[in-house]
Amino acid sequence: MSNMHGGMTRVGAVRRTPISGGDAAAQRALNAQAPKIDHLLRRTSLLFRPHRAALILTAALVLASAGLTVLPPLLTQSLFDDALFPASGGVVMPLLIELSVAMIVIYLVSTLLAVWQTYLTATVGNKVMGDLRVRLFTHLQAMELSFFTRTKTGIIQSRLQNDVGGVAGVLSNTVSSVLGNFVQVAAALVAMFLLNWQLAIVSIVLMPLLVLVQRRVGQVRARIAAQTQESLSEMTAITQESLSVSGILLAKSFNRPKGEIARYGAENDRQVGLQVRQAMSGQWFLGMVQVFLSAIPVVVYIVAGWLLTGGATDITAGTIVAFTAVQARMLFPLVGIMRTALDLQTSGALFARIFEYLDLKPSITDAADAAELPAGRTAVGVDFDHVTFRYPDAKPGETSTLDDVSFQIPAGTYAAFVGPSGAGKTTVSYLIPRLYEATAGAVRVAGHDVRDLTMDSLMAHIGIVSQETYLFHATIAENLRYARTDATQTELEDACRKANIHDTISGFPDGYDTVVGERGYRLSGGEKQRIAIARVLLKDPDVLVLDEATSALDSISESVVQEALDTAASGRTTIAIAHRLSTIVNADQIFVVERGRVVEHGTHADLLAAGGAYSRLYLQQTRSPELAA
């Protein structure tokens, strides 16, 4: 079993920072780590194809909304020059009211268009995100066990949560914003030249200076933000490690709570310092932007005065007011345009990481002509025919975990596999339900090569009770019904009686509605194991695989659980992987495994009489009780 966990690698271990908060250089470095996916643009567009109508409407709304931004400055010029301060003197109230109402209507329409656009992008983005998340989750469910043994759970969760979660923002934060920014800048430039071409040229020269200052200060803030996020992640990791049930037990057992408090406090102090720096850098940023925003209109005023002094006649008070308004509106779209390439690149990297997982091919799948193993109770035996197996991540030259193993377990037989740790016993239990594929030879269930059967029908006939019982943070009844969602209360109680746990559950205040806690920590080891046995009994499999199901229990709990296991094994083919030989002395067949080979087999009495490997193991455990513990 040791080979199974070897070579654990980080598949796609890329931490993704939001575009708006990450430093540009750091974001480009992350993007460079994204996998190269063929036809990425076409595959991405296919995700949005079902929403073509909504996307076309969204683009039209973006264009209309951005186009409307050119009108208020022109109306402002007319309002000042023709209504408030006309050449004829006096205020022209009818025109003033008309222009004011027109501006209000434009702002109202722009707002309504923006709300509509936001609704469409949010709806389409989240629908695509939801579909993609389910598609990726479904695909991961089909992956073989070895994929999960070599990939960190956190990396898989990051793909599902961070990368897929970012899809919803692609439309609003990238596609629509890029389109909107270009249209707004173009509209603003048209408006500025319509108002006064000389002032427009002055602004075009000055605006990049403001954008560069904004970008530089923004990069400083982004670096601090990235450090702040790293610190928060570290605090989260410390919290998860220290405040989990296992972490608390570890800290208390080694008298380390003070050390954990000090570690958390040190990181918290760093976080406080970074938050202060981030807040102050923001103030400096706002102050500098305010100074530049105030300075550029001043320069425009000076240039306008110089032009008027020179005899210009096309510059009016309305022109200057409207011009500075357009100028202010153009700043942030211009900054957005400068980030266009990075935004598009980051969105591409996001989809590339998602498609990398979707493109993973499960190494164990149903054959095209796979047959169904008939449902219902069937006489199911298990045979190994010259089976050799190496784990997928085994190093070149490393010996096989199983080497030319052959045996037959007739239907209804209780067979046990014993031997030293790492001999390959648990690997046998993995090959029977086809969690791994034999490298050579054949594994047969009910006379069929498991590769010729559908995986669903094969697994329907097999039940597994492992050493590490997994219970959900839910009620006992909900954990039991994981085996059969339609099981009645009577069936639950009947299974629990057979598993010697019904009386214990009935003694709880909430009975079968008792919440077991995370991984069942509210229950003892023996109680968890008996609930797992009851769960398997509800499934009622033809083949029962017991992978060291009592090795972690004390002698009293082991006795109770072993009695439940004996009841569960009655009338079905049972394969028990055992460390304590005392639990399998009544087995019909005992197979002794050493270094990946079956070195002897027979009954307990036969093997003791033979005086071989089994006899030596048994004598060691009976003479040294701690070896059997």
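# Reading sheets, cores and helix packing in a predicted model

Q: Which secondary structure does the protein chain contain?

A: The secondary structure of the protein chain comes to 22 helices and 10 strands. This is a predicted model. Buried residues make up 45% of the 629 residues in the chain. Among contacts between residues at least 6 apart in sequence, 77% join residues at least 24 apart.

Q: How should a sheet be read, and what is the order of the 6 strands in the open sheet with mixed pairing?

A: Strands of a sheet pair through backbone hydrogen bonds, either parallel or antiparallel. Here the 6 strands follow the order S6-S7-S8-S3-S9-S10. Strand S6 (462-466) and strand S10 (597-602) are the edges; each has a single partner strand, so one side of each has no neighbour in the sheet. On average, neighbouring strands of this sheet are turned by 15 degrees against each other, direction ignored.

Q: Within that sheet, how many bridges join S3 to S9?

A: S3 and S9 run parallel and are joined by 4 bridges. For a residue-level check, phenylalanine 417 stands opposite phenylalanine 591 in S9.

Q: Which strands does H19 lie across, and which does H22 lie across?

A: H19 lies across S6 and S7, and its direction is at about 180 degrees to S6. H22 lies across S3, S9 and S10, running at about 90 degrees to S9.

Q: What is the strand order in the open sheet of 4 strands?

A: The order is S2-S1-S4-S5, with antiparallel pairing. Strand S2 (402-409) and strand S5 (448-449) stand at its edges with a single partner strand each, so one side of each is left without a neighbour in the sheet. Strand S4 (residues 440-445) runs antiparallel to S5, and 2 bridges join them. Valine 445 stands opposite histidine 448 in S5.

Q: How should a nonpolar core be read, and which residues of the largest one touch the most other members?

A: In soluble globular proteins, nonpolar side chains tend to be buried together. The largest nonpolar core has 42 residues, of which Val418, Leu480, Tyr512, Ile533, Ile584, Ile590 and Tyr614 touch the most other members. Elements that give two or more residues to this core include strand S3 (414-418), helix H19 (525-539), strand S9 (589-594) and helix H22 (613-623). H19 supplies the largest share, 6 residues. Apart from this core lies another, of 32 residues, among them Val380, Phe384, Ile409 and Val545.

Q: What is valine 418 in contact with, leaving aside its neighbours within four places in sequence?

A: With those neighbours left aside, the contacts of valine 418 include Ala578, Leu581, Ile584, Ile590, Phe591 and Tyr614.

Q: Is histidine 604 buried or exposed?

A: Histidine 604 counts as buried because its relative accessibility is 15%, and the cut-off for buried is under 20%. Its place is in helix H21 (residues 604-610). Not counting residues up to four places away in sequence, histidine 604 touches Val585, Ile590, Tyr614 and Tyr618.

Q: How is a helix pair read, and at what angle do H4 and H5 pack?

A: Angles over 145 degrees count as roughly antiparallel. Helix H4 (residues 71-84) and helix H5 (residues 93-141) pack at about 165 degrees, with their axes 9 Å apart. H4 and H5 are therefore roughly antiparallel to each other. Their crossing is left-handed. Residues making the contact include Leu71, Leu75 and Leu79 of H4 and Leu95, Leu99 and Met103 of H5.

Note on methods: Residues numbered from 1 in each chain as written. Predicted model: local features only at pLDDT ≥ 70, side-chain atom pairs only at ≥ 80, totals over all residues. Heavy atoms only, no water. Buried < 20%, exposed > 50% of the residue type's maximum accessible area, 1.4 Å probe, protein only. Contact = heavy atoms within 4.5 Å. Pairing = 2+ DSSP bridges. Core = buried A, V, L, I, M, F, W, Y, C linked by side-chain atoms within 4.5 Å. Axes fitted to C-alpha atoms, helices over the stretch in contact; angles between N-to-C directions. Parallel < 35°, antiparallel > 145°, perpendicular 65-115°, else oblique. Left-handed = near helix turned anticlockwise from the far one by under 90°.
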